[in-house]
Each structure stands twice: as structure tokens, then as C-alpha cells.
Amino acid sequence: MENNKNKFIFYEYLRSENKAVVHKSNCGHANEGHERHTNQWLINNHAQNDRWFGYFNTQEEAIAFASLIPNRQLKLCSHCLSAEKQIL
């Protein structure tokens, strides 16, 4: 398995008008606490209602990418990025 620990992923929920969330790659809200998201999984497993993007080496890279997605209000995960959320 790829070593994606300490990286970031971006989640876009398509059924919501504007939901987009940056997570740490090991966040339980992102992947049920498992590092199951390999690069190939992210590429091949877009569901009808959501999409995952990553891996990003830094939080800033994830935010920069997410800002390119139109009509999305970017949020940081309140679970894994709660300290950073206060700063944003």
C-alpha cells in the first residue's frame, strides 16, 4: 500500500450545492479510520454523489486545488483539522 500518511485529501459532495471538505488522509471521517484510499482508489471510485481528490503533500496544496472547483464553499474538517479551522 502507498504511504499516504500525513497527507491531505479533498472531498466533494455532489448532491449538496456547495459541500467541499479538506481532510487529513488518516481522518476517520474521511475513510473510517483506515488508510484505504490508495491513489488508484481515488482515481477509480468516484460515486454518483461524491468525488475524492488527492493526495496532496500539504494542506495548502489541498486548499489551492479545492479552490479551483467551481461553486463550492471550502471547509476544513472539524474533526481532523479543528485547530487549523480556527485560523482559516
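**Sheet, core and salt-bridge network of the predicted model**

The secondary structure of the chain comprises four helices and four strands. The model is predicted, and the values reported below are computed from it. In sequence order, the elements follow the pattern β-β-α-α-β-α-β-α. Of the 88 residues, 35% count as buried. Among contacts between residues at least 6 apart in sequence, 61% join residues at least 24 apart.

The four strands form an open sheet with the order S3-S1-S2-S4 and mixed pairing. Its edges are strand S3 (50-56) and strand S4 (73-76), each of which pairs on one side only. Neighbouring strands of the sheet are turned by 20° against each other on average, direction ignored. Strands of a sheet pair through backbone hydrogen bonds, in either the parallel or the antiparallel sense. Both senses are represented here: S1 and S2 run antiparallel and are joined by five bridges, whereas S2 (residues 19-24) and S4 pair in the parallel sense over four bridges. The connection from S1 to S2 is a hairpin through five residues. Within the antiparallel pair, Ile 9 has His 23 in S2 as its bridge partner. On the parallel side, Val 21 stands opposite Lys 75 in S4, and Val 22 stands opposite Leu 76 in S4.

Val 22 also takes part in the nonpolar interior. The largest nonpolar core has 20 residues, and those with the most contacts inside it are Phe 8, Phe 10, Val 22, Phe 56 and Leu 81. Strand S1 (8-13), S2, S3 and H3 are the elements that give two or more residues to this core. The surroundings of Phe 10 illustrate how separate segments of the chain meet. When residues up to four places away in sequence are not counted, Phe 10 touches Ala 20, Val 21 and Val 22, together with Arg 51, Trp 52, Phe 53 and Phe 56. Its further contacts are Phe 65, Ala 66, Ile 69 and Leu 74.

Ala 66, one of the residues touched by Phe 10, belongs to the buried set of helix H3 (residues 59-66), which consists of Gln 59, Ala 62 and Ala 66. These residues lie on the same side of H3, because they cover an arc of only 65° around the axis. Gln 59, located in helix H3, has a relative accessibility of 13% and therefore counts as buried, the threshold being under 20%. Not counting residues up to four places away in sequence, Gln 59 touches Phe 8, Leu 76, Leu 81 and Glu 84. Two of these contact partners, Phe 8 and Leu 81, are among the core residues with the most contacts.

Charged side chains add further links. Side chains of opposite charge can pair when their charged atoms come close. The count comes to two salt bridges. In one, Glu 12 pairs with Arg 51, the closest N and O atoms being 2.6 Å apart. Glu 12 lies in strand S1 and Arg 51 in strand S3, so this salt bridge ties together parts that are 39 residues apart in sequence. The two partners differ in exposure: Glu 12 is buried, with a relative accessible area of 3%, whereas Arg 51 counts as partly exposed at 29% relative accessibility. In the other salt bridge, Glu 12 pairs with Arg 72, with the closest N and O atoms 3.0 Å apart. This pair likewise links distant parts of the chain, Glu 12 being in strand S1 and Arg 72 in the loop between H3 and S4, 60 residues apart. Through shared partners, the salt bridges join Glu 12, Arg 51 and Arg 72 into one network.

A further approach between distant positions involves helix H1 (residues 28-31), in which Gly 28 is placed. Gly 28 and His 79 are 51 residues apart in sequence, and their C-alpha atoms are 8.3 Å apart in space. With a relative accessible area of 36%, Gly 28 is partly exposed.

Notes: Residues numbered from 1 in each chain as written. Predicted model: local features only at pLDDT ≥ 70, side-chain atom pairs only at ≥ 80, totals over all residues. Heavy atoms only, no water. Pairing = 2+ DSSP bridges. Axes fitted to C-alpha atoms, helices over the stretch in contact; angles between N-to-C directions. Buried < 20%, exposed > 50% of the residue type's maximum accessible area, 1.4 Å probe, protein only. Arc of directions from axis to C-beta. Core = buried A, V, L, I, M, F, W, Y, C linked by side-chain atoms within 4.5 Å. Contact = heavy atoms within 4.5 Å. Salt bridge = Lys/Arg side-chain N within 4 Å of Asp/Glu carboxyl O.
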